[in-house]
Amino acid sequence: MNQLNNQPEYNYDYDEIDLRDIFKTLGKWKYTIISVTLICMFLSAIVSLFFIDPVYEASAMVAPASASTLAERNNISYLVTGDDFDRITDSKKISDSLDSIIKLTQVDVTRYTALLTSNHILWCTIKELNLKTTPAKLKEQIRVETNKDDDVSQVTVSHTDPKMAAQIANSLVNQTAAYLKDLNDQKMNKLLKNLEEQQTVAQVRAEEAFIKLKEFEAGNATSDTIQKEIEIRKLQHEVDRREDILNSLNSKIFEMKVVQSFTSVEDMIVMLSAATVPQNPVKPNKKLNVAIAGVLGLMIAVFGVFLAEYLKNDEQEV
């Protein structure tokens, strides 16, 4: 106990903070604090209204009208050409092969979202609307959001001109649809031309097989043997096979022409909701800017007041 009582005493000087002094200081400088806060809010409002260009957003909703899944190139069925006719013995095989090729030729529209911001589409939009910008800058103003559940995409364009924002959004969708249709038409026309060439070849081969059959029958009219019957059946089978190939080609060419006659821009992608001219800007947010400026002004004013009081007291002590 004595040892504890004999321990040296230490004196500590504390800078006590009295809440009454704080409120007294705030009350003393209240007009300064309020003035600084109001000035910051006023300046923020002036800058937001007159020095920051308002930005508008226009959105268009779009979705693919039809989608055909493209298979891998290695899995594409072959199209008969030249001597390939000689290797086909089943009419259903040629029909199934043509069905597969026609399906694989269709453009896969499920990936149209990547085209919306491609350089080709951006250039087409710039030329159509006579925009004074570059594809890179225009791309920065575009935002594409896709719902994976239903493949519906929202194309949003930001621009200082509300009317131009809507025009750009709608133009992007229309240019993409037109490009997809043109691409699909090119592929279909190329295939159609190929099929028509094969149709000509098949027609010649069918006529040759029929003539060969008739010539054999005419040359062996007097003979009546089993070998003759076997040869006639063989030649007749060849004629039938050639006719099946020709009929399949004729059918597929007709089907493709019918499909092409009904194909339009709307068959590729559909604009579910066209972009309309926005009424209110999304930037700048004037109320938010003024509120933030008010909070910052209040903080700066309070800090400045206490700093001034501290320096004042320090000078008086000196």
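Let me begin with a single contact, in which the side chain of S44 reaches the backbone oxygen of N289 at 3.1 Å. I should say at once that we are looking at a predicted model, and that what I describe is read from that model.

Staying with S44, this residue sits in helix α3, and, leaving out residues up to four places away in sequence, S44 touches N289, V290 and A293. Is S44 buried or exposed? Its relative accessibility is 13%, and because the cut-off for buried is under 20%, S44 counts as buried.

That brings us to helix α3 as a whole, which covers residues 30–51. With 22 residues at 1.5 Å a residue, α3 should span 32 Å, and the 31 Å between its end C-alpha atoms agrees with that. Which residues of α3 are buried? They are I33, T37, S44 and S48, and they lie on the same side of α3, because the arc they cover around the axis is only 30°. The general background here is that an α-helix has 3.6 residues a turn, so residues three or four places apart point the same way. On the other side of α3 we find exposed residues, namely Y31, L38, F42, F50 and F51.

Let me turn now to the strands, where β1 is joined to two partners. Seven bridges connect β1 with β3, the two running antiparallel, and within that pairing S59 stands opposite T156 of β3. Four bridges connect β1 with β4, the strand of residues 269–273, and these two also run antiparallel; here V62 stands opposite M271 of β4.

Finally, I come to the largest nonpolar core, which has 25 residues, and in which L131, L138, I142, V155, I168, L172 and I269 touch the most other members. The elements giving two or more residues to this core are β1, α5, α6, β3 and α8, and among these α8, which runs over residues 162–219, gives the most, with nine residues. Apart from this core lies another, of 10 residues, including M188, L192, I245 and I253.

To look more carefully at one member of the largest core, what does L172 contact once its neighbours within four places in sequence are set aside? The partners of L172 are L116, I121, L122, T125, I142, V155 and V157, and of these I142 and V155 are named, together with L172 itself, among the residues that touch the most other members of the core.

Note on methods:
Residues are numbered from 1 along each chain as its sequence is written. This is a predicted model: local features need pLDDT of at least 70, side-chain atom pairs count only at pLDDT 80 or more; totals for chains, interfaces and linings use all residues. Side-chain values use heavy atoms; hydrogens and water are left out. A nonpolar core is a set of buried Ala, Val, Leu, Ile, Met, Phe, Trp, Tyr and Cys residues joined through side-chain atoms within 4.5 Å. Buried means under 20% relative accessible area, exposed over 50%, partly exposed in between (1.4 Å probe, protein chains only). Contact means heavy atoms within 4.5 Å. The expected span of a helix is 1.5 Å times one less than its number of residues. The arc is that of the directions from the helix axis to the C-beta atoms. Two strands pair if DSSP finds at least two bridges between them. A polar contact is a pair of N or O atoms within 3.5 Å; within protein, one must be able to donate a hydrogen and the other to accept it, and residues adjacent in sequence count only if both atoms are side-chain atoms.
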